[in-house]
Amino acid sequence: MTAVATPPGRVEVHGVHKSYAGVEVLSGIDLVVEPGTVTVVLGPSGSGKSTLLRSINHLEKVDRGFVALDGELVGYRRKGEKLHELQEKDLLRQRTRFGFVFQSFNLFPHLTALDNVVEAPVSAQGRPRREVEEEARALLARVGLAGREGAYPRQLSGGQQQRVAIARALAMRPAVLLFDEPTSALDPELVGEVLGVIEDLASSGTTMIVVTHEIGFARRAADRVVFMDSGRIVETGPPEQVLDAPRHERTKAFLARVL
Amino acid sequence: MTTLAQPDAATAAPPPGTPYDQLRVVPARHPGRWAATAVVAVLLAMVVNSLVTNPRWEWDVVGAYLTEESIVRGVLTTIQLTLITAVLGFALGTVLALMRLSRSPLLQAVSWGYTWVFRSVPLILQLLLWYNLAYLYRTLEIGIPFGPGFASVDTLSLIDKFGAAVLGLGLHQAAYSAEIVRAGILSVDQGQLEAAASLGIPRRRQTTRIVLPQAMRTIVPTAVNEVIGLFKGTSIVYVLALGELFYTVSVIYGRTQRVLPMLVVAAVWYVVLTTVVTILQYYVERYYARGAVRTLPPTPLQRLRGNLTAGISRVAAVRGGVR
């Protein structure tokens with residue numbers, strides 16, 4: 001394969017703060033995700049992992065700090081010394097560069113699996129339906145759902161629904177994939193099939209940020225593990241370091257509880 | 001361990017190895033249900049008897065007028081009035097609901113104010129106000145706000161009886177429809193909007209493709225209720241002497257003095273119209289149930305066919321058994 005100069009998908013998070021009703025959920029997050037790498041974010045409930053992920057694609061507006069994708073500010077446009085909030089239209093276009101997979105799938109229940117995947121590339125990117133449908137069938141096959149194109153989400157198991165959601169995110173050809181606890185709503189026996197798909201994507205060089213509680217997944221798929229607690233990044237490093245030789249007491253305590 | 005109460009012989013389980021399928025099943029008896037059924041049957045028979053035997057119902061007159069030309073024209077006007085009003089009411093109602101849910105305080109306030117005013121003033125009063133609009137504004141003009149106008153039209157020629165009826169019923173209906181649509185939109189899970197936003201689906205498309213179709217499941221039953229209400233509610237425009245069903249009937253009995261049979265004629269037509277809408281409702285609800293239920297309930301036709309095939313196979317099975 002020929003070497004690409006720099007693949008897209010570099011995410012920078014700088015000094016991000018976010019509060020809800022006076023409670024600070026993110027207190028100064030700095031994080032750089034290199035293109036083509038897999039970053040797994042671990043941490044106890046309420047540590048701000050999901051909020052961080054939702055701030056990256058601007059589903060949440062941060063109070064302070066900024067997020068950039070490939071050097072382009074997310075949610076704002078810089079003009080001289082001022083930051084202008086993006087118009088809804090431009091924001092939506094920017095969001096299509098991120099693929100987001102939700103804990104609760106959030107598939108559109110009134111659309112078939114195929115239509116769930118086809119909807120956004122057609123309506124947001126204006127691509128021809130015929131072409132998108134062909135690609136959507138291929139994507140559904142890739143996540144192991146060939147033949148279920150006509151099924152409605154409620155006719156599918158949780159694991160199947162989440163795999164449709166992954167195909168839906170992939171159909172936008174995003175630069176970065178964001179996973180918000182993608183297996184937390186699944187029965188234990190269904191977790192494996194979803195993690196399998198994500199690991200498959202990880203090995204294909206997609207930039208991914210995965211919030212999860214699956215330590216085993218972090219060990220297998222992550223290039224880097226980020227451990228968060230009470231709105232801060234406590235430590236970060238390759239999985240063998242953070243998971244097997246954590247330097248920080250809080251990381252040790254968390255791992256002792258979940259392992 | 002303390003001993004459990006010994007089950008008495010009657011309810012005791014048969015010793016293991018007893019083949020249950022050899023035992024005869026005696027269905028439970030329901031004497032109360034039988035008695036109630038008998039009482040209701042007698043009452044029903046009395047009602048039917050009185051309808052048939054009391055000559056004052058004048059069924060021959062009912063039959064003669066049911067499809068009389070002016071009555072049919074009245075029915076058509078009622079249908080026309082209802083459909084236009086329902087479309088106008090729900091179109092404006094949807095706009096009002098979206099305004100109410102927008103982030104602009106002015107749009108919210110205007111929507112709230114509209115609903116407040118149009119729900120507060122009695123419909124009959126609104127109808128008469130619209131009918132008399134020409135007294136307030138002799139001409140209506142299209143042009144630049146506070147500036148020159150381009151075209152003007154005589155109010156009286158624009159808002160005739162039918163126009164006043166459509167305006168009155170439609171604007172009144174919009175206030176109620178707005179709340180129905182709003183309730184439907186609020187019933188859609190917030191995650192749906194987040195998913196749509198994260199996929200970059202344009203705002204308008206989010207509303208028309210993602211939110212409203214799901215809201216329809218909540219909206220349809222109440223909306224049909226409103227349409228049925230409208231069918232009968234249109235009778236109120238008889239105050240404008242507009243020739244819909246009820247006004248036509250009242251004109252005829254004013255002339256012939258056959259009050260009761262004419263009221264029956266109107267009642268029969270209203271029942272027919274309502275029935276048609278109710279049947280439509282079943283199919284519309286079924287349409288919007290796609291995806292919401294794992295398997296759609298069968299249509300009445302499918303059910304009939306299913307019952308028939310089941311019946312035939314049962315008969316065949318019995319025959320096979322006899323042989």
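Strand S8 of chain A runs parallel to strand S9 (residues 176-180) of chain A, and four bridges join the pair. Within S9(A), A:Val176 is the bridge partner of A:Phe98. This is a predicted model.

Helix H5 (residues 158-170) of chain A packs on the sheet. H5 touches both S8 and S9 of chain A, and its direction makes about 170 degrees with that of S8(A).

The wider sheet is open and has six strands. Its order in chain A is S8-S9-S10-S3-S11-S12, with mixed pairing. Strand S8 (98-101) and strand S12 (232-237) of chain A stand at the edges. Each has a single partner strand, so one side of each has no neighbour in the sheet. From one strand to the next, the twist averages 15 degrees.

Now the pockets. Their volumes and linings are set out below.

| Pocket | Volume | Lining by class |
|---|---|---|
| Largest pocket | about 1,200 Å³ | 14 nonpolar, seven polar, 10 charged residues |
| Second largest pocket | about 600 Å³ | 21 nonpolar, three polar, no charged residues |

The largest pocket has a volume of about 1,200 Å³. It is lined by 31 residues, and the closest to its centre are A:Glu88, B:Arg103, B:Leu193, B:Arg203 and B:Gln206. Helix H2 (88-95) of chain A supplies at least two lining residues, as do helices H3 (69-100), H8 (161-186), H9 (190-198) and H10 (203-233) of chain B.

The second largest pocket has a volume of about 600 Å³. Of its 24 lining residues, B:Met216, B:Ala223, B:Val224, B:Val227 and B:Val284 are the closest to the centre. H3, H10 and helix H12 (259-288) of chain B each give two or more residues to this lining. H10(B) gives the most, with 10 residues.

How values were computed. Residues numbered from 1 in each chain as written. Chains lettered and ligands numbered in written order. Predicted model: local features only at pLDDT ≥ 70, side-chain atom pairs only at ≥ 80, totals over all residues. Heavy atoms only, no water. 1 Å grid on protein atoms, 1.4 Å probe; cavity = no way out; pocket = protein on both sides within 12 Å on 5 of 7 lines; lining within 4 Å. Points joined across faces, edges and corners; volume = space filled by probe spheres on them. Nonpolar A, V, L, I, M, F, W, Y, C, P; charged D, E, K, R; others polar. Pairing = 2+ DSSP bridges. Axes fitted to C-alpha atoms, helices over the stretch in contact; angles between N-to-C directions. Contact = heavy atoms within 4.5 Å.
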